[in-house]
Each structure stands twice: as structure tokens, then as C-alpha cells.
Amino acid sequence: MSQPVALRSGKDRLRYTLSFEASLMALLIPAGALVFDKGLGEIGLLGLVLTLKAMLISFFYNWAFDRLTAHSGRTASERGVVGRICHALGFEVSLVVTSLPILTWWLDLTLLDALATDLIVTAFVVTYTFFFTLAYDRLFPVRPFPCAQDPLPSSPG
């Protein structure tokens with residue numbers, strides 16, 4: 001009989017999501033303000049809208065991906081490179097699809113310009129997601145369940 005696979009807790013998922021989004025916004029908002037010649041407040045508000053949307057998607061996406069990983073008998077922190085690449089790319093595709101209408105409207109861009117903007121940002125974020133998640137898994141590894149079949153320590157004598 002196979003052992004149950006430990007998953008990240010809701011609190012751990014929340015810590016991941018908040019730390020990922022805060023660090024990402026700290027990098028992207030100043031860059032967006034510079035590129036689009038907009039104020040930090042305007043780009044910051046856009047960043048907040050996109051971040052809240054991404055956090056909501058992230059929570060459910062990571063929950064589903066962790067369940068898929070567990071179905072294969074591994075914890076999230078045991079994912080290999082291919083699993084991490086699939087995780088990052090799948091997440092970013094879901095974000096691009098939901099971000100295009102927001103970028104088009106907010107920045108008054110054509111659909112093609114919004115797509116180009118989103119693809120550039122996505123290329124950065126995919127790379128950032130890979131390294132952030134790798135670092136997060138090293139800093140906060142999933143602790144496996146104690147094995148129910150482990151023998152109890154024997155008393156001397």
C-alpha cells in the first residue's frame with residue numbers, strides 16, 4: 001500500500017503567494033512606469049489589479065498542480081526540472097489569457113501591443129517563477145508524514 005504524500009498547507013501556500021507577488025511587483029512596477037512613461041501610482045494600481053488576479057489564479061493553479069504531483073507519488077518540493085518548467089509555463093499561459101483584456105484597456109494598447117507587452121513580461125516572469133519556486137522549496141521544504149510503520153524505539157534491557 002502506498003504512503004500518503006505530504007502537501008503544502010494553506011498557510012504555506014499563502015506565504016508563497018504573498019512573497020512571490022510582493023517581490024515581483026517590486027521589480028516590475030518601476031520598470032513598467034519607465035517603459036510606458038506613466039506614474040508609479042498608475043502602473044502600481046495596474047500592478048495591484050494584475051497581482052490580485054494572479055494571486056487568485058495562483059492559489060487554485062498551485063493547489064491543482066500539487067494534487068497532480070501528489071497523484072504521481074511526489075511532494076511539490078521533489079519536482080524535477082521538467083515538472084518545474086511545466087508548472088511555470090502552464091501558470092503563465094493562464095495569466096496571459098486573463099491579462100490581455102486588462103492591459104488593452106488600462107494602457108490603451110492595441111491587442112497586438114498588449115500581447116507583445118504581456119509576452120515580454122511573461123518571459124521574465126517564467127524565469128523568475130522557476131528560480132523563486134526553486135528557492136522557496138529549498139527554504140521551506142514540504143515535510144513528509146511520519147511513516148506509520150516506523151518501529152518505536154526500544155527500551156534498553
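**Close-up views of a buried glutamate and two helix pairs**

**View 1. Glu21 is buried (under 20% relative accessible area, 1.4 Å probe, protein chains only) yet has no salt bridge, and the nearest side chain of opposite charge, Lys53, is 8.8 Å away.** A salt bridge here is a side-chain nitrogen of Lys or Arg within 4 Å of a carboxyl oxygen of Asp or Glu; Lys and Arg count as positive, Asp and Glu as negative, and His and the chain ends are not counted. Glu21 is found in helix α1 (residues 10-36); helices are DSSP runs (H or I, at least four residues) numbered from the N terminus. Leaving out residues up to four places away in sequence, Glu21 touches Thr51, Ala54 and Met55, where contact means heavy atoms within 4.5 Å. The model is predicted, with pLDDT of at least 70 needed for local features and 80 or more for side-chain atom pairs, while totals for chains, interfaces and linings use all residues. Residues are numbered from 1 along each chain as its sequence is written, and side-chain values use heavy atoms, without hydrogens and water.

**View 2. Helix α2 (residues 40-71) packs with helix α3 (residues 81-106) at an angle of about 145 degrees, their axes 10 Å apart.** Axes are lines fitted to C-alpha atoms over the stretch in contact, and angles run from 0 to 180 degrees between N-to-C directions. Among the contact residues are Leu46, Lys53 and Phe65 of α2 and His87, Phe91 and Trp106 of α3.

**View 3. α3 and helix α4 (residues 111-139) pack at an angle of about 145 degrees, with axes 8 Å apart.**

How values were computed: Helix = DSSP H or I, 4+ residues; strand = E, 2+ residues; numbered from the N terminus. Buried < 20%, exposed > 50% of the residue type's maximum accessible area, 1.4 Å probe, protein only.
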